[in-house]
Amino acid sequence: QVQLVESGGGLVQPGGSLRLSCAASGPIFSIVVMGWYRQAPGKQRELVAAITKGGSTNYADSVKGRFTISRNNAQTTAYLQMNSLKPEDTAVYYCYARRFTNSDYVDDWGQGTQVSVSS
């Protein structure tokens, strides 16, 4: 199992920025995708952004042009740069890592970090 530790959440005013980090440890060589989901109160968890081992990225339509996902060269840490934040971005953000192991894909999850956008 990959362990994921998130940091960087907090309270920010509309239009502000935050950067989330997700540090992975364990069998990181097996990770094929890292990304972020979020879940707002009363809503389903939704994919925010993802980055593959090869560097391809994918974003939810609601965050395109505002959020950027990236990774360090060692592929041990993923980042989510969030700009022009809106109140509707308020949610708990969860980092995940998808591994390919034993001929199957397995998702590991972080503990979640709260992002609140409010004036």
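**An aromatic cluster, a disulfide and an open sheet**

Y37, Y96 and W109 form one aromatic cluster. The model in which this cluster is found is a predicted one. Across the whole structure, a search returns four aromatic pairs. One of the four is formed by Y37 and Y96, whose rings meet edge-to-face, with 5.2 Å from centre to centre and 75° between the planes. Because Y37 belongs to strand β4 (residues 31-39) and Y96 to strand β9, this contact ties together parts that are 59 residues apart in sequence. Y96 also forms an aromatic pair with W109, and here the arrangement is tilted, with centres 5.5 Å apart and an angle of 35° between the planes. W109 lies in strand β10 (residues 104-109) and Y96 in strand β9, so the parts tied together by this second contact are 13 residues apart in sequence.

The members of this second pair can also be described by their accessibility. Y96 has a relative accessible area of 4% and is therefore buried. For W109 the relative accessible area is 34%, so this residue is classed as partly exposed.

The ring of W109 is also approached by a charged group. The charged end of R45 sits over this ring, 4.8 Å from its centre. The charged end of R45 likewise sits over the ring of Y94, at 3.9 Å from the centre of that ring.

Strand β9 also contributes to a covalent link. The structure has one disulfide, which joins C22 to C95 with an S to S distance of 2.0 Å. C22 is located in strand β3 (residues 18-25) and C95 in strand β9 (residues 91-101), so the bond ties together parts that are 73 residues apart in sequence. The torsion about the S-S bond is about -80°, and the disulfide is therefore left-handed. Both cysteines, C22 and C95, are buried.

Strand β3, which carries C22, is part of an open sheet of four strands, arranged in the order β1-β3-β8-β7 with antiparallel pairing. The edges of the sheet are occupied by β1 (3-7) and β7 (67-71); each has a single partner strand, so one side of each is left without a neighbour in the sheet. On average, and with direction ignored, neighbouring strands of this sheet are turned by 15° against each other. Within the sheet, β3 pairs with strand β8 (residues 77-82) in the antiparallel sense over six bridges. A23 stands opposite T77, a residue of β8.

Definitions and conventions. Residues are numbered from 1 along each chain as its sequence is written. This is a predicted model: local features need pLDDT of at least 70, side-chain atom pairs count only at pLDDT 80 or more; totals for chains, interfaces and linings use all residues. Side-chain values use heavy atoms; hydrogens and water are left out. A disulfide is a pair of cysteine sulfur atoms within 2.5 Å. Helices (H or I, at least four residues) and strands (E, at least two) are DSSP runs, numbered from the N terminus. Buried means under 20% relative accessible area, exposed over 50%, partly exposed in between (1.4 Å probe, protein chains only). Two strands pair if DSSP finds at least two bridges between them. Axes are lines fitted to C-alpha atoms, for helices over the stretch in contact, and angles run from 0 to 180 degrees between N-to-C directions. Rings of Phe, Tyr and Trp (its six-membered ring) pair if their centres lie within 6.5 Å; planes under 30 degrees apart count as stacked, over 60 as edge-to-face and the rest as tilted. A charge sits over a ring if NZ of Lys or CZ of Arg is within 6 Å of the ring centre and within 35 degrees of the ring normal.
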